Amino acid sequence: MVSRYRRKKTTSFENNPYMGSYADISFDIVSATQLGEERITFETRLHYYEQGSGEPLLLLHGFGQSLYTWRHNIEFFASQGFRVIAPDLIGFGYSSHVNIYNTVEENALVIGAFLNALKIKKAHIAGVSTGALAAVCFAAAYPRRANKLILVSPGGPNENYPFLLRFLTNWLGALSFRLMHGESTFKKVIGDFYFNATLLTDEVISQYYAPYKNKDVREALISTMLHFDDSTANVAAKSITNRTLVFSGADDRYHTEAYIRAFARKLRHTKHMRLRNCGQNVHEEKPDKFNEQTLLFLCADKNKADFDRS
């Protein structure tokens with residue numbers, strides 16, 4: 001079931017609970033217990049924004065973000081003949097919150113449930129950081145439903161991440177975050193993910209921070225840090241046959257060149273583009289280059305010989 005809201009007229013892209021649409025989704029998480037297999041069904045609502053018509057292009061935000069991260073890309077791809085769909089993943093942005101761990105594997109299930117709700121059989125998928133890993137897991141689990149993949153700085157929390165984020169895995173750090181989550185602290189943390197700090201205007205910070213006024217969003221971030229594990233994604237990367245375009249920023253201090261290349265080598269049919277003067281969010285810092293190269297990739301002939309491993 002999908003309900004629609006009219007987007008508020010603004011001079012720039014804005015993510016808020018009144019723009020876009022909501023989709024009711026349902027998915028099962030299966031786990032092994034001493035008494036055997038246990039299956040739990042989760043039902044929730046995803047907030048998303050959609051524009052354009054044509055081949056579906058699903059845009060997945062990354063660690064701690066919302067669909068706002070795609071503000072420089074949605075309109076471009078919609079104008080190029082794609083049905084562009086950007087959701088707030090469970091627990092983030094303005095989507096509902098359920099009692100899950102917000103793992104990469106769980107988000108792969110969410111992707112499938114979301115596409116089912118929108119009656120989409122197959123889609124191109126672009127994802128950032130943990131969103132990219134979820135896209136890979138989904139493509140491995142449901143190869144007939146994933147078309148081409150665009151992975152921006154694939155990966156997640158690691159030893160290079162800021163202390164303030166790594167501290168969330170400690171009970172004291174989690175407690176501190178629950179009590180001290182002001183906009184200034186938020187700006188300090190996300191600023192290190194960018195090369196060009198001038199891009200973090202007051203408007204950008206306000207848009208990113210607004211959902212974190214909700215304690216459930218803060219809990220989702222803590223849960224993501226506590227339960228992040230990329231082992232399934234690393235195995236999945238070796239099995240998928242999707243043509244894949246990987247982007248990374250030469251100045252990404254958290255997902256380093258060695259980190260990204262190690263992951264990209266696991267993929268069979270991939271091209272890796274590394275952009276200079278750019279941090280982790282390539283699609284935000286270099287949107288024109290990202291849009292241009294992604295469009296060429298999506299529209300390219302299916303001949304795999306055109307794609308050499310980098």
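In the predicted model, T294 is in contact with F77, I150, L245 and F247, neighbours within four places in sequence being left aside. T294 belongs to helix α12, which spans residues 287-299. With a relative accessibility of 2%, T294 counts as buried, because the limit for burial is set at under 20%. A polar atom of the T294 side chain lies 2.8 Å from the backbone oxygen of F290.

F77 also appears among the contacts of a second buried residue, L57, together with F82, R83, V84, I85, H124 and L298, again without neighbours within four places in sequence. L57 is located in strand β4, residues 55-60, and its relative accessibility of 1% places L57 in the buried class. Between L57 and V128, which are 71 residues apart along the chain, the C-alpha separation is 14 Å.

Two loop residues, S129 and H255, touch each other. S129 is situated in the loop between β6 (123-128) and α3, whereas H255 occupies the loop between β8 (243-249) and α10 (257-264). Both are buried: the relative accessibility is 1% for S129 and 0% for H255. Apart from neighbours within four places in sequence, the residues in contact with S129 are G62, F63, V152, S153, P154, G155, H255 and Q280. Q280 is 151 residues from S129 in sequence, yet their C-alpha atoms are 8.1 Å apart in space. The contacts of H255, with residues up to four places away not counted, comprise S129, S153, P154, G155, G156, N158, Y161, I260 and Q280. For one of these residues, G156, the backbone oxygen lies 3.3 Å from a polar atom of the H255 side chain.

S153, which is in contact with S129 and is touched by H255, lies in the loop between β7 (146-152) and α4 (163-166). The phi angle of S153 is near 45°, a positive value in a residue other than glycine. A positive phi is likewise found in K119, a residue other than glycine, with a value near 60°. K119 is placed in the loop between α2 (104-117) and β6. The surroundings of these residues contrast: S153 has a relative accessible area of 0% and is buried, while K119 has a relative accessible area of 73% and is exposed.

Helix packing was examined next. The axes of α2 and α3 are 8 Å apart and meet at an angle of about 70°; the two helices are therefore roughly perpendicular to each other. Their crossing is right-handed. On the α2 side the contact is formed by V104, N107, A108, I111, G112 and L115, and on the α3 side by T130, L133, A134, A135, C137 and F138. Classified by residue type, this contact of α2 with α3 contains nine nonpolar residues, three polar residues and no charged residues.

Helix α3 (residues 130-141) also packs against helix α9 (residues 231-239), the axes coming within 8 Å and crossing at roughly 55°. This angle makes α3 oblique to α9, because it falls outside the range of 65 to 115 degrees that counts as roughly perpendicular and is not under the limit of 35 degrees for roughly parallel. The crossing of α3 with α9 is left-handed. L133, V136, C137 and A140 of α3 make the contact with T232, A233, A236, A237 and S239 of α9. Seven nonpolar and two polar residues take part in the contact of α3 with α9, and no charged residues are present. L133 and C137 of α3 contribute to the contact with α2 as well as to the contact with α9.

A further pair is formed by helix α6 (residues 183-191) and helix α7 (residues 202-209), whose axes come within 10 Å and cross at roughly 105°. These helices are therefore roughly perpendicular to each other. The contact involves E183, F186, K187 and I190 of α6 and I205, S206, Y208 and Y209 of α7. By class, five nonpolar residues, one polar residue and two charged residues make up the contact of α6 with α7. Charged residues are thus present in the contact of α6 with α7, whereas none occur in the contact of α2 with α3 or in that of α3 with α9.

Note on methods
Residues numbered from 1 in each chain as written. Predicted model: local features only at pLDDT ≥ 70, side-chain atom pairs only at ≥ 80, totals over all residues. Heavy atoms only, no water. Axes fitted to C-alpha atoms, helices over the stretch in contact; angles between N-to-C directions. Helix = DSSP H or I, 4+ residues; strand = E, 2+ residues; numbered from the N terminus. Parallel < 35°, antiparallel > 145°, perpendicular 65-115°, else oblique. Left-handed = near helix turned anticlockwise from the far one by under 90°. Contact = heavy atoms within 4.5 Å. Nonpolar A, V, L, I, M, F, W, Y, C, P; charged D, E, K, R; others polar. Buried < 20%, exposed > 50% of the residue type's maximum accessible area, 1.4 Å probe, protein only. Polar contact = N/O pair within 3.5 Å; in protein donor to acceptor, adjacent residues only side chain to side chain.
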